[in-house]
Amino acid sequence: MHRVLVLGAGKIGSLIACLLAQRGTYEVHLGDITLNTSKHLVEDLRLEGVTPCILDVRHPDAVSAYLSAHPVDAILSSLPYFCNPTVAGLALTHGLHYFDLTEDVEVTNQIKILSAGAAHAFMPQCGLAPGFISIAAHDLMTHFETLDTVKMRVGALPVHPSNALKYSLTWSTDGLINEYGNLCYGIEAGAKVPLQPLEGYETIELDGLLYEAFNTSGGLGTLADSYAGTVQTMNYKTLRYPGHCEKIHLLMKDLKLNEDRETLKRVLERAIPQTLQDVVLIYASVTGTKDGSLFEENYVKKIYPQCIKGRLWSAIQVTTASSACCVMDLVLNQPSQYHGFITQESVSLKEFLGNDFGACFR
């Protein structure tokens, strides 16, 4: 049995606990700032092997005491990105493997520094984007002799958009604003360069439907660091229905709400509904040379909501939670192979898709 502490019983953390419990080989402690959500989840879905607990990382000494009393092999943080340096510090102190879902570039850099020389794996960015998209794109990149252009495009969209933004809040609002407002990175002319969020606008057609794509922060993960000097052009963009980018630009840039993110968060959460009827779009394209000729290969996938343990979970919940569980399972089943800071592109796509938790991506 693997013993894991999952911190955060929100949209993603709840499904992570559910998937681990369903596997039957995990003992899970599900921590949240209140007992209500985690306790109701365990009772309603009859999750065996999941222990609800009250834990607040704003009080790290209390979390540390809990870890001392309840030894685990790993911590998986599904908390907001700004909580993760504290959680990573606790993992280092207690000699645990560490995983998170952060999209924040600076937080990832902090964890990279903190984990230097660590005996256990420290693996941030374990969700969908960043996360699985890096694994899929990296696999395509290994098929080429030389690399020219790498494009990564991901979107989580309502199947039936009904508002002016043509969008629904399917995951963390803090994370969404972070992606829309923070500096992005990519590779141009072989060098890692900063890119502005909400810029780089383009349209793309998938399965006969038109989408727009634009720069957002964090989705590239660590690929720009890994492949600067090897790839001529690399970038990550978020997919949305046409018209979304223009309206977000109005809110964040013209009305300057990127400088008042708490107000923007209240506006979005008050006006934009949540939904379980969503679709996740994953698109990766790599262009390079094979046998001296220019070739292109693509990975394209659409994923819809799924019923798990008798409850309907949104596509973004399914993809994010499955990806996190999958990479954690791969590490915990071969712990001697993973030490210190681990990038998503270190994971083999073949091993990922062969793992039970990777089933939704097959």
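**Exercise 1.** Decide whether His29 counts as buried or exposed in this predicted model, and describe its surroundings.

*Solution.* Start with the accessibility: His29 has a relative accessibility of 5%, and because buried means under 20% relative accessible area, His29 counts as buried. Next, place the residue in the fold, where His29 belongs to strand β2, which covers residues 26-32. Then list the contacts, leaving aside residues up to four places away in sequence: His29 touches Val4, Leu5, Val6, Thr51, Cys53, Tyr66, His70 and Val72. Finally, look for polar partners, and note that the side chain of His29 makes a polar contact of 3.4 Å with the side chain of Glu27.

**Exercise 2.** Work out the strand order of the open sheet that contains β2, and state which strands stand at its edges.

*Solution.* The sheet is built from seven strands in the order β3-β2-β1-β4-β5-β6-β17, with parallel pairing. Reading the ends of that order, β3 (50-54) and β17 (340-341) are the edge strands, and each has a single partner strand, so one side of each is left without a neighbour in the sheet. Now examine one pairing in detail: β5 (residues 97-100) and β6 (residues 121-123) run parallel and are joined by two bridges, and Tyr98 has Phe122 as its bridge partner in β6. As a last step, add the helix that packs on this sheet, namely α4 (residues 84-94), which touches β1 (2-7), β4 (74-77), β5 and β6, and whose direction makes about 165° with that of β5.

**Exercise 3.** Find how many salt bridges the whole structure holds, and characterise those of Arg3, Asp174 and Lys237.

*Solution.* The search of the whole structure gives ten salt bridges.

- Arg3 pairs with Asp73, with 3.3 Å between the closest N and O atoms; Arg3 sits in strand β1 and Asp73 in the loop between α3 (60-69) and β4, so that distant parts of the chain, 70 residues apart, are linked. Arg3 is partly exposed at 30% relative accessibility, and Asp73 is also partly exposed, with a relative accessible area of 24%.
- Asp174 pairs with Lys265, the closest N and O atoms being 3.0 Å apart; here helix α7 (residues 173-181) supplies Asp174 and helix α10 (residues 261-271) supplies Lys265, 91 residues apart. Asp174 counts as buried at 18% relative accessibility.
- Lys237 meets Glu202 at 3.1 Å, N to O; because Lys237 lies in strand β12 (residues 233-240) and Glu202 in strand β10 (residues 202-206), the pair ties together parts that are 35 residues apart in sequence. Lys237 counts as buried at 7% relative accessibility, whereas Glu202 is partly exposed, with a relative accessible area of 22%.

To complete the solution, note that salt bridges with shared partners join Arg23, Asp329 and Asp356 into one network.

**Exercise 4.** Describe the ring pair of Phe132 and Phe352, and say which parts of the chain the pair ties together.

*Solution.* The count of aromatic pairs comes to nine. A pair of this kind is described by the distance of the centres and the angle of the planes. For Phe132 and Phe352, the centres are 5.1 Å apart and the planes make 45°, which makes the pair tilted. Since Phe132 lies in helix α6 (residues 132-141) and Phe352 in helix α12 (residues 349-354), the pair ties together parts that are 220 residues apart in sequence. Both Phe132 and Phe352 are buried, and ring pairs link Phe132, Tyr299, Phe352 and Phe361 into a cluster.

Technical notes
Residues numbered from 1 in each chain as written. Predicted model: local features only at pLDDT ≥ 70, side-chain atom pairs only at ≥ 80, totals over all residues. Heavy atoms only, no water. Pairing = 2+ DSSP bridges. Helix = DSSP H or I, 4+ residues; strand = E, 2+ residues; numbered from the N terminus. Contact = heavy atoms within 4.5 Å. Axes fitted to C-alpha atoms, helices over the stretch in contact; angles between N-to-C directions. Buried < 20%, exposed > 50% of the residue type's maximum accessible area, 1.4 Å probe, protein only. Polar contact = N/O pair within 3.5 Å; in protein donor to acceptor, adjacent residues only side chain to side chain. Salt bridge = Lys/Arg side-chain N within 4 Å of Asp/Glu carboxyl O. Phe/Tyr/Trp six-rings, centres within 6.5 Å; stacked < 30°, edge-to-face > 60°.
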